[in-house]
Amino acid sequence: AVTLTSTEGGIVDGGATTVDVVAAGGRLVIDAVTGVGAAGAIDTTVDSLDLENATSGNVDVAETDAITVVQAAQGTTGNVQIVAGGIVTLDSAGTPANVVSTLLTGTVTIDANGAASDILVNDGISTASGAITLDADNDVIFAAEGDIASTSGNVAVTADKDDGGASSGALTMNDGTLINAGSGTITLSADEDVTLGGLLTTNT
């Protein structure tokens with residue numbers, strides 16, 4: 001495991017020569033104040049990520065393979081972007097209820113790259129007015145507690161982002177899963193079936 005803490009600053013990428021954090025099979029815990037990867041994404045090869053940013057700045061993490069996100073919380077208006085070269089599992093084990101969250105206009109982007117790369121939404125994602133974008137080159141699967149909630153942010157979920165063919169890219173919501181975009185729009189796209197739970201918006 002690796003723990004990175006800055007009590008008054010951020011976690012900054014010093015360059016692209018090497019992967020910043022390698023802890024295969026381990027967890028990366030980050031506590032920052034002014035952002036994570038503000039000057040360029042923090043490159044990682046880790047099993048899981050537990051991240052909190054308190055005051056300012058964006059969060060930008062680039063994982064080389066699969067990753068489980070147990071928390072990515074913005075206590076400020078910044079964005080959260082997590083890009084992976086494998087399956088992305090969003091799972092806080094119920095605490096916090098929203099595994100990824102931002103405030104005010106902060107956006108959320110989750111991107112799983114690779115022909116077999118899914119996004120598994122096992123716990124919630126929330127923003128205030130920021131857009132929420134989930135892109136997977138294979139499937140996107142929502143568990144019962146994998147709700148998406150925003151007051152006014154547009155929600156876009158895409159399975160088979162890389163257009164990998166007829167057998168790649170289903171979008172599946174568990175019965176009971178809710179995507180609530182408030183006054184924002186909801187756009188769901190897939191190459192295979194789109195299986196609906198619940199969709200809620202006041203947008204006309």
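Me: Which strand does Leu199 lie in?
Reply: Leu199 sits in strand 20, which runs over residues 198-200. Keep in mind that this is a predicted model.

Me: Why is Leu199 called partly exposed?
Reply: Its relative accessible area is 41%. Buried would need under 20% and exposed over 50%, with partly exposed in between. Leu199 at 41% falls in that middle range, so partly exposed is the label.

Me: What makes Val194, Leu196 and Leu199 a nonpolar patch?
Reply: A nonpolar patch takes residues with over 30% relative accessible area and no salt bridge, with nonpolar side chains joined within 5 Å. Leu199, at 41%, clears the area cut-off, so it can count. Together Val194, Leu196 and Leu199 have about 250 Å² of accessible area on the surface.

Me: OK, zooming out. How many helices and strands are there in the chain?
Reply: Zero helices and 20 strands.

Me: And why is the chain said to be as compact as a globular protein of that length?
Reply: Set the two values side by side: the radius of gyration is 16 Å, and the globule rule gives 17 Å for 204 residues. Those are close, so the chain is as compact as a globular protein of that length. The C-alpha trace spans about 40 × 35 × 25 Å along its principal axes. Of the 204 residues, 45% count as buried. As for the accessible surface, that comes to about 8400 Å², with 49% of it belonging to carbon and sulfur atoms.

Me: How do you know that strand 9 is largely enclosed by the rest of the structure?
Reply: Count its residues. Strand 9 covers residues 108-112, and four of the five are buried, so the strand is largely enclosed.

Me: What makes strand 6 and strand 9 a pair?
Reply: Pairing takes at least two bridges between the strands. Strand 6 (residues 80-84) and strand 9 have five, in the parallel sense, so they qualify. One of the links is Val80, whose bridge partner in strand 9 is Val108. Strand 9 also pairs with strand 12 (residues 132-136), again parallel and over five bridges. There, Asp111 stands opposite Asp135 in strand 12.

Me: Why does Leu120 count as partly exposed?
Reply: Leu120 has 22% relative accessibility, and buried means under 20%, so it lands in the partly exposed range. Leu120 is found in strand 10 (residues 119-121). Leaving aside neighbours within four places in sequence, it is in contact with Ile87, Val88, Thr89, Leu90 and Ile141.

Me: What makes Leu104 and Asp160 worth a look in the backbone?
Reply: Their phi values. Most residues other than glycine have a negative phi. Leu104 is not a glycine, yet its phi is positive, about 50°. Asp160 also has a positive phi, near 60°. Leu104 lies in the loop between strand 8 and strand 9, while Asp160 is in the loop between strand 15 (155-159) and strand 16 (171-173).

Me: Is each of those two buried or exposed, and how do you know?
Reply: Leu104 has 54% relative accessibility, which is over 50%, so it counts as exposed. Asp160 has 7%, which is under 20%, so it counts as buried.

Me: What makes the bond between Thr95 and Pro96 cis?
Reply: Its omega is about 0°, and the bond is cis. Most peptide bonds are trans. Pro96 lies in the loop between strand 7 (88-90) and strand 8 (98-101).

Definitions and conventions:
Residues numbered from 1 in each chain as written. Predicted model: local features only at pLDDT ≥ 70, side-chain atom pairs only at ≥ 80, totals over all residues. Heavy atoms only, no water. Buried < 20%, exposed > 50% of the residue type's maximum accessible area, 1.4 Å probe, protein only. Helix = DSSP H or I, 4+ residues; strand = E, 2+ residues; numbered from the N terminus. Patch = residues over 30% accessible without salt bridge, like charges linked within 9 Å, V, L, I, M, F, W, Y side chains within 5 Å. Areas by Shrake-Rupley, 256 points an atom, 1.4 Å probe, with all protein chains shown as cover. Salt bridge = Lys/Arg side-chain N within 4 Å of Asp/Glu carboxyl O. Rg over C-alpha atoms; globule rule 2.2 N^0.38 Å. Contact = heavy atoms within 4.5 Å.
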